[in-house]
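Please take the structure below as the basis for a short set of questions, each followed by its reasoning.

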Amino acid sequence: LLIFSYSTLKSLRFHLKFISSVSAFGDDGFWLLTNWTGLLEAEDMMKYKNPKESNEVRVEDLLNRMNLEEKIGQMLQIERKCASDNVVKNYFIGSVLSEGGSVPVPKASAENWIDMLNEFQKDALSTRLGIPIFYGIDAIHGHNTVYNATIFPHNIGLGATRDPELVKRIGAATALEVRATGIQYAYAPCVAVCRDPRWGRCYESYSEDPKVVQAMTEIISGLQGDIPDNMLNGVPFIAGKEKVLACAKHYVGDGGTINGIDGSNTVIDRNGLMEIHMPGYLSAISKGVATVMLSYSSWNDVKMHAHHDLITGFLKNTLHFQGFVISDYEGIDRITTPHRADCTYSLKAGVSAGIDMFMVPKFYKEFIDGLTTLVKNEVIPMSRIDDAVRRILRVKFMMGIFENPFADYSLVNYLGTKEHRELAREAVRKSMVLLKNGKSDEKPLLPLPKKAPKILVAGSHANNLGYQCGGWTIEWQGVSGNDILEGTTILDAIKNTVDPETVVIYEENPDIEFVKSNGFSYAIVVVGEKPYAESHGDNMNLTIPNPGPETITNVCGALECAVVIISGRPLVIEPYVGLMDAVVAGWLPGSEGQGVADVLFGEYGFTGKLPITWFKSVDQLPMNVGDAHYDPLFPFGFGLTTEPTKAIYFQ
């Protein structure tokens, strides 16, 4: 008895040809060799497996071979914790994701991530048609879920740089770090236009100005690569294995909700929506963005996840977007109030509106059963299912995942490289916005002298990497402390920068007596918001959290002080401006605090400009540049400048 595997026979194709006429091995019912060669010839006819065919030919060939179960499976993206035990194989799942903070093991290495992803991929490739998966993750300010990754400033800080070329380099670095872990899909960039800082996602927005947001979509060219000159507008593009799929989000109007309440209603006419909230998507599509994610919010009381006019009518038909539209996390569940009140209705509404891939982390069986019934009962036409799957397959073929489905270890050393950390440091110093410098123009405080007998560093955010990185860092809501992040705190950055003979004393919240009695030359105070994400950050008062105000009062009431505000948005600072000699909007700078010290001490000059209006009182909100009632503390675009200096000595 001779037993040959299919793969062995395939490799012996040449030798089989001349014996293919042999009728059988005998009378015991063995496979005819003619049958084996027939199978090989049939595979040759599977155009979707032939990389020489055009992507569109491959898409149509594969789509025509798929049954309904396989098509619905491709429309699903499920959470990694739900994807074990052959779930990917048994349900033909199209994609897997990590929700915020979801990791293979604590402090997982790049190799840990790759090994996990490849197990999921083996399951996918073992299905009848062998359609590979891709893996998605929130890499929104660097590869922020992953231990030892470079954490870049959040978008609000990048908007302050007004430097699209810098942002493109950040995109390229982020793509390398994401690919270092084997992941191919980053849910970035957020092209929201934050019109009200009370919104808990304001730091994910580059600016209140759509023109700034448009300019910053250059990050897509860093993430995905530069599109070829002959590419049609709307066609998705990714340049190779060192790039990732990008995702323009959250379509559309998420930054314009009433009172900044996350996921609520954006009330604006169509012209306003198109002029303020849509331009970022026009730029993203022109750069070949592969995917668009929907917003939890509504536009004039119609949920975006159910908005056929804006998804199918405008995005797909008018803008000719050819990539796929993905829901947000459990997005269709939020179509109803309360959530999941009518799952069949929500499923029908989402699919009919034009959503292609559904982020259904846990309830995928319910999704499969429900959509199967809707299609078989002709409530959802097969043409709508085919449109969704066609778009998903188009992206998969475009990214080359059929030819190279498995991740390898070749890029693991790109995670948290020195070069990427230097890039992040550059971004930090360019993002710092100097709001005040000295009690008078004639006597600026900054840059600070590096050589002084003794200086005080105070504040809750001076020695806390988690706080300076903000939300969406390691965990969904961010973290506190220095134990599970690699980077440089602002305190350590100060110590690294001052003269070796300068004594640096850190006291988180010193009392007045301590400040007055220790002979300090000057003080640096670093205070701000604790980390938050999404609706957890919605805030109707926007005051500096305690003990920040007390720290400012105690220190700045007794010493010359420079105050750095670490926050995802403007906060109420007007009561303290008179006390503070210098004020810096530090945003959420990320892991490389050395960039803060670079500008405080004059290694580089301040160049950042406000990407968002700094209000006086929350009673003024919403207030944006161009409004009739515009009366800010510091206007949009404001930012004092300084020049780099040689060493300064305390007099």
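Q: Is Tyr364 buried or exposed, and what is its relative accessible area?
A: This is a predicted model, in which local features need pLDDT of at least 70 and side-chain atom pairs count only at pLDDT 80 or more, while totals for chains, interfaces and linings use all residues. Residues are numbered from 1 along each chain as its sequence is written, and side-chain values use heavy atoms, with hydrogens and water left out. Tyr364 lies in helix H16 (residues 364–376), where helices (H or I, at least four residues) and strands (E, at least two) are DSSP runs numbered from the N terminus. Buried means under 20% relative accessible area, exposed over 50% and partly exposed in between, with a 1.4 Å probe and protein chains only, so Tyr364 is buried, its value being 9%.

Q: Which residues are in contact with Tyr364, leaving aside its neighbours within four places in sequence?
A: The C-alpha atoms of Tyr364 and Glu79 are separated by 9.7 Å, although the two residues are 285 residues apart along the chain. With contact taken as heavy atoms within 4.5 Å, and without neighbours up to four places away, the partners of Tyr364 are Leu76, Ile78, Cys82, Val87 and Tyr91.

Q: With which side chain does the side chain of Glu204 make a polar contact?
A: Glu204 sits in the loop between strand E4 (185–186) and helix H10 (210–216), and it is buried, with a relative accessible area of 2%. Residues that Glu204 touches include Ile140, Asn155, Cys190, Lys249 and His250. A polar contact is a pair of N or O atoms within 3.5 Å; within protein, one must be able to donate a hydrogen and the other to accept it, and residues adjacent in sequence count only if both atoms are side-chain atoms. At 3.4 Å, the side-chain partner of Glu204 is Trp472.

Q: Which helix gives the largest share of the largest nonpolar core?
A: In soluble globular proteins, nonpolar side chains tend to be buried together. A nonpolar core is here a set of buried Ala, Val, Leu, Ile, Met, Phe, Trp, Tyr and Cys residues joined through side-chain atoms within 4.5 Å. The largest one has 125 residues, and Leu62, Trp113 and Phe367 are among those with the most contacts inside it. Its largest share, eight residues, comes from helix H17 (residues 382–398).

Q: How many of the nine residues of helix H22 (residues 548–556) are buried?
A: The buried residues of H22 include Gly548, Pro549, Ile552 and Val555. What covers the buried residues of H22 includes strand E13 (454–458), helix H21 (512–517), strand E15 (523–528) and strand E16 (561–566). Helix H22 is thus mostly covered, and the number of its nine residues that are buried is seven.

Q: Where along the chain does Val252 lie, given that the peptide bond from Tyr251 to Val252 is cis?
A: The peptide bond from Tyr251 to Val252 has omega near -10°. Another cis peptide bond runs from Ala188 to Pro189, with omega near 10°, and Pro189 lies in the loop between E4 and H10. Val252, in turn, lies in the loop between strand E5 (247–251) and strand E6 (265–266).

Q: What is the relative accessible area of Lys107?
A: Lys107 lies in the loop between strand E2 (95–97) and helix H7 (110–125). Phi of Lys107 is near 50°, a positive value in a residue other than glycine. Lys107 counts as partly exposed because its relative accessible area is 46%.
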